[in-house]
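Please explain how the helices of this protein pack, what lines one of its pockets, and where its backbone departs from the usual geometry.

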Amino acid sequence: MGSIRMPFWLRLVSLIGVVALCTGAGLLVYRWYTHPVTLTVAVGTIDGEGAKAMSALASQFVSDGASVRFKVIDAGTTPEAAKAFAAGNVDLAVVRADVGDLSQAQAIVVLTHMTVLLIAPPGSSIESIDKLKGKTVGVLSGEANSKLVDVLNNTYDLPRGKVVFKNLGFEDARQAIQSKQVSALVVVIPLTQKYLSLVKGFFPQGAKTLPVLIPIESAGAIADANRAYESFDVPKGTLRGSPPVPDDDLTTLRTSMYLVAKKSLSNDVGTALTEAIIKARRELLAENPLFAQITAPSTDTDAYLPVHPGALAVYNGTQQSFVDEYSNFIYIGPMVLAGIASVLAAGWKFLGIGQPEFKAGPLDTLYGLARQIRSVNSEAEISKIEDQIDDILKEEGIKAENDDETAVDATTLNVVAHRLENLIHDRREILAKRPAVASVA
């Protein structure tokens, strides 16, 4: 049977179609691979600054062409952000170490440190926690600081001293102080000028009207028992004033505000996210001093919050090189491509596309005549076949005399010709017997 021979135009269209299909597939794979990953991040702070900071990062990621993007979800408060994360509704969250269920959280960066300030109004005689007995203490962001209140109660046995904690909103703090509804305030803030000015604004202003900072002397013991906290010394003069407030380094508690990711976040995305944040931080420092407080979380194996492996690779400088990361693809890729090429080649050959038209050689023709000899029904057909045989033998003889490399070996021709002569002889005998058979019938 002859092979399939497609018209040139159909071969051309088929080739263009295959090229277009492969190109389209390649573009889809490239777009999928380079398309930025969008991560949802829950954030909630009582003053809304957390959401603004995350939105600034999101915008900077776009400007930098980062491979990650943020979809910021303002949860309103830190506890609500932690709840959204624990419920699995978001990929990331801005959370405090002492708020919410963080069992599935892994740290990407520390966004800021939150310092516990226990502050009494100017002129107050409350210089230690012991002197809070029988007093009411206002707690700003009470829901977020409920664990802190429990820690203080348990450490200093404050309920026994009839100390009452009252939750206050930022907008209520100044009025509560002025009306003496509370004798002191508990605030947990970053030690930046913006937040320190906000806190000082709760109290009467004046050169000699300076608030009193109350130390938490048992901070070390609290930190040992509650790893969400650490002991911290507020530097002398943090609240400024003359004399400075505090007048010496003052012991208190501190916790951290983290950007955390789910454990299921891939290492590659974790690495890309960490690198994007570090780059954006440098570019946003001038715009928002809060970004200066972004630091690496503790990479110790016993850290309170484990670091995400992708972020850890950045901090330890152990990011995989291109060859390491894609070694499997580099090794398997050529084999896959070779397999695809083989399949395409087999299909191409099966269709007969582009194959040269088959030309029968003298031996092919002679072997074909053998089949014809067995089916001829007259002497005339046999004579015609004999003429064909003679022509082929004559042509091959001329080639041999001219030393043509395509000439068939003479011995081979003689063997084939002898076989054909025997077939012709046998067929003639069969044809010669047919009339006799017919007459007998």
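The paragraphs below take up three helix pairs, then a pocket, then a few backbone details. The model is a predicted one.

Two packed helices are described by the angle between their axes and the distance between the axes. Helix α8, residues 267-284, is a convenient place to begin, with helix α2, residues 49-64, as its partner. The axes of α2 and α8 come within 9 Å and cross at roughly 100°. Angles of 65 to 115 degrees count as roughly perpendicular, and α2 and α8 are therefore roughly perpendicular to each other. On the α2 side the contact is made by Ala-56, Leu-57, Gln-60, Phe-61 and Asp-64. On the α8 side the residues are Leu-273, Ala-276, Ile-277, Lys-279, Ala-280, Glu-283 and Leu-284. Sorted by class, this contact between α2 and α8 holds 8 nonpolar, 1 polar and 3 charged residues.

Helix α8 also packs on helix α9, which spans residues 309-316. Here the axes come within 6 Å and cross at roughly 50°, and that makes α8 oblique to α9. The crossing of α8 with α9 is right-handed. From α8, the residues that meet α9 are Asn-267, Gly-270, Thr-271, Thr-274, Glu-275 and Ile-278. Their counterparts in α9 are Pro-309, Gly-310, Ala-311, Ala-313, Val-314 and Tyr-315. The contact of α8 with α9 has 6 nonpolar, 5 polar and 1 charged residues.

The third pair is made of helix α12, residues 362-373, and helix α13, residues 379-401. The two pack at an angle of about 165°, and their axes are 11 Å apart. An angle over 145 degrees counts as roughly antiparallel, and α12 and α13 are therefore roughly antiparallel to each other. Their crossing is left-handed. Helix α12 contributes Pro-362, Thr-365, Leu-366, Leu-369, Gln-372 and Ile-373 to the contact, while α13 contributes Ile-385, Gln-388, Ile-389, Ile-392 and Glu-396. By class, the residues of this contact between α12 and α13 are 7 nonpolar, 3 polar and 1 charged.

Helix α2 appears again at a pocket. The second largest pocket has a volume of about 510 Å³ and is lined by 34 residues. Of these, Thr-45, Asp-47, Thr-78, Met-114 and Met-257 lie nearest its centre. Which elements give two or more residues to the lining? They are α2, α3 (78-86), β3 (92-96), β4 (105-120) and β7 (184-189). The largest share, 5 residues, comes from α2. The lining of this pocket divides into 21 nonpolar, 9 polar and 4 charged residues.

The backbone details come last. Most residues other than glycine have a negative phi, and most peptide bonds are trans. Val-245 and Pro-246 are joined by a cis peptide bond, with omega about -5°. Pro-246 is found in the loop between β9 (230-234) and β10 (250-262). Ser-141, a residue other than glycine, has a positive phi, near 55°. Ser-141 lies in the loop between β5 (136-140) and α4 (146-156). Lys-162, also a residue other than glycine, has a positive phi near 60°. Where does Lys-162 lie? Lys-162 is in the loop between α4 and β6 (164-168).

Key. Residues numbered from 1 in each chain as written. Predicted model: local features only at pLDDT ≥ 70, side-chain atom pairs only at ≥ 80, totals over all residues. Heavy atoms only, no water. Axes fitted to C-alpha atoms, helices over the stretch in contact; angles between N-to-C directions. Helix = DSSP H or I, 4+ residues; strand = E, 2+ residues; numbered from the N terminus. Parallel < 35°, antiparallel > 145°, perpendicular 65-115°, else oblique. Left-handed = near helix turned anticlockwise from the far one by under 90°. Contact = heavy atoms within 4.5 Å. Nonpolar A, V, L, I, M, F, W, Y, C, P; charged D, E, K, R; others polar. 1 Å grid on protein atoms, 1.4 Å probe; cavity = no way out; pocket = protein on both sides within 12 Å on 5 of 7 lines; lining within 4 Å. Points joined across faces, edges and corners; volume = space filled by probe spheres on them.
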